Every structure is written in structure tokens, then in C-alpha cells.
Amino acid sequence: MPIKVEGFDEVIKKLQNLQALEVKTKPLMSQIGNTLKNSITDSFNEERSPFGEKWKALKPSTIKQKEKKNKSNKILRRDGALADKWLVKSSNKDVTVSNNTNSNGFAYGLTHQFGSSSAGRNRRVFIPARVFLPIDKNNKLEPNLKEDLKDLVVEFVKSNV
């Protein structure tokens, strides 16, 4: 007598749906990008790294210079370009969160993220690192953000399979 196994229709359908997800993940990628962008925005608003470290305060001379030019007295905010111009670009395969802000060809975001001991015209200005990207020097995501992103992916899969 042959053995007949039944009840796998639903499992097979879910596996087919899971396979088809790869071609329609742009909404998920957009959510991931916006979550990363929000983390960066929070860093600027709170003047601390995504890992919780408070940014080094501005020097009195920097504050004075900013006041003289009628600029924001917040850290890493002069005209708002670095803090406010983050772009999210997503497709079904990836997402990019970027900010190409520069001043006379100088991409100053990197200098502020990592710091510099040779900035300025004479290359003698020290700029402390003020981390705003949610990734550490070992390319590890901030743990809470990593969990949030995992949750987004799980919810997306659950609702689409």
C-alpha cells in the first residue's frame, strides 16, 4: 500500500512566497534606510553618538566664531547641510544612506566622524571624532539598531509569506 503525505500545500505556498520576496523587497529596503537615517538624525539632535557617547563640546573660540557669523551654536551644525541632508536610495536588492555634503571639495563628514589631527588650512587643527554613523570602527552596527533592523526584516517576511 503506497504512503500518501498530505497537508504540505500551505508550506509549499509559503516557501514559494519566500522565494518571490527577493524581487519585491524595495519597501523593506526603504524601511531599513529610513531607520538608519533616523539614527543619524538622532545623533545630531542629541549631540551624541548612536552608541551613547556625548560629543566633545565646542571650543569657546568656535562658539565665538559661530556667533559672529550668526550660525547655529549646536555641535556639527553650521548651515545644517551635514545634519539635515541625508538621502535614502533603495531598490529590491540594497539601500544606500548617504550625504555628499562638502565645502570647496572637502567632504567634512568623514573628518567629523573619525576626527583629524591635521585639519584646517595649515593642517594644524585638531578635530575630535564626533561619531554620528551607527557603525563602530570594527564595522559593527549599534546593538539596539541591529535588533530594530532584525525586527523589521522578520515582520516583513511574516507579512509577505
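1. Let's start with Leu76, which counts as buried at 12% relative accessibility. For the terms used throughout, buried means under 20% relative accessible area, exposed means over 50%, and partly exposed lies in between (1.4 Å probe, protein chains only). The areas come from the Shrake-Rupley method with a 1.4 Å probe, and for residues only the protein chains shown count as cover. Leu76 lies in the loop between H3 and H4. Its phi is near 60 degrees, a positive value in a residue other than glycine. Most residues other than glycine have a negative phi.

2. A word on the basis of these notes. This is a predicted model, with local features needing pLDDT of at least 70 and side-chain atom pairs counting only at pLDDT 80 or more, while totals for chains, interfaces and linings use all residues. Residues are numbered from 1 along each chain as its sequence is written, and side-chain values use heavy atoms, with hydrogens and water left out.

3. Glu47 also has a positive phi, about 55 degrees, although it is not a glycine. The residue sits in the loop between H2 and helix H3 (60–68). Is Glu47 buried or exposed? Glu47 counts as buried because its relative accessibility is 15%.

4. Now the overall fold. The protein chain has six helices and four strands, where helices (H or I, at least four residues) and strands (E, at least two) are DSSP runs numbered from the N terminus. Along the sequence, the order is α-α-α-α-β-β-α-β-β-α. Of the 161 residues in the protein chain, 28% are buried.

5. Which residues make up the largest nonpolar core? This core has 12 residues: Ile40, Phe44, Trp55, Leu58, Ile75, Leu76, Ala81, Leu82, Ala83, Trp86, Tyr108 and Phe132. Helix H2 (26–46) and helix H4 (81–84) are the elements that give two or more residues to this core. H4 supplies the largest share, three residues. For the term itself, a nonpolar core is a set of buried Ala, Val, Leu, Ile, Met, Phe, Trp, Tyr and Cys residues joined through side-chain atoms within 4.5 Å.

6. One H4 residue of that core can be placed against H2. The C-alpha atoms of Asp42 and Ala83 are 9.6 Å apart in space, with the two positions 41 residues apart in sequence numbering. Asp42 belongs to helix H2. Its relative accessible area is 39%, so Asp42 is partly exposed.

7. Another pair links distant stretches of sequence: Thr111 and Pro128 are 17 residues apart along the chain, and their C-alpha atoms are separated by 8.5 Å. Thr111 is part of helix H5 (residues 108–114). With a relative accessible area of 12%, Thr111 is buried.

8. How many salt bridges does the rule give? The count comes to four, a salt bridge being a side-chain nitrogen of Lys or Arg within 4 Å of a carboxyl oxygen of Asp or Glu. In one of them, Asp79 pairs with Lys71, and the closest N and O atoms are 2.6 Å apart. Asp79 is exposed at a relative accessible area of 55%, whereas Lys71 is partly exposed at 29%. Asp84 and Arg77 also form a salt bridge, at 3.0 Å from N to O. Arg77 is buried, because its relative accessibility is 14%.

9. The salt bridge between Lys150 and Glu147 has an N to O distance of 3.6 Å. Lys150 is partly exposed, with a relative accessible area of 43%, and Glu147 is partly exposed too, at 41%. The two residues are separated by about one helical turn because they are three residues apart in helix H6 (residues 143–160). Elsewhere, Lys71, Arg78 and Asp79 are joined into one network by salt bridges that share partners.

10. Finally, the surface charge. Lys64, Lys68, Lys69 and Arg121 form a positive surface patch. Patches are made of residues with over 30% relative accessible area and no salt bridge, with like charges joined within 9 Å and nonpolar side chains (Val, Leu, Ile, Met, Phe, Trp, Tyr) within 5 Å. Lys and Arg count as positive and Asp and Glu as negative, with His and the chain ends not counted. The place of a charge is taken as NZ of Lys, CZ of Arg, CG of Asp or CD of Glu. Arg121 is located in the loop between strand S3 (116–119) and strand S4 (125–127). Its relative accessibility is 87%, so Arg121 counts as exposed.
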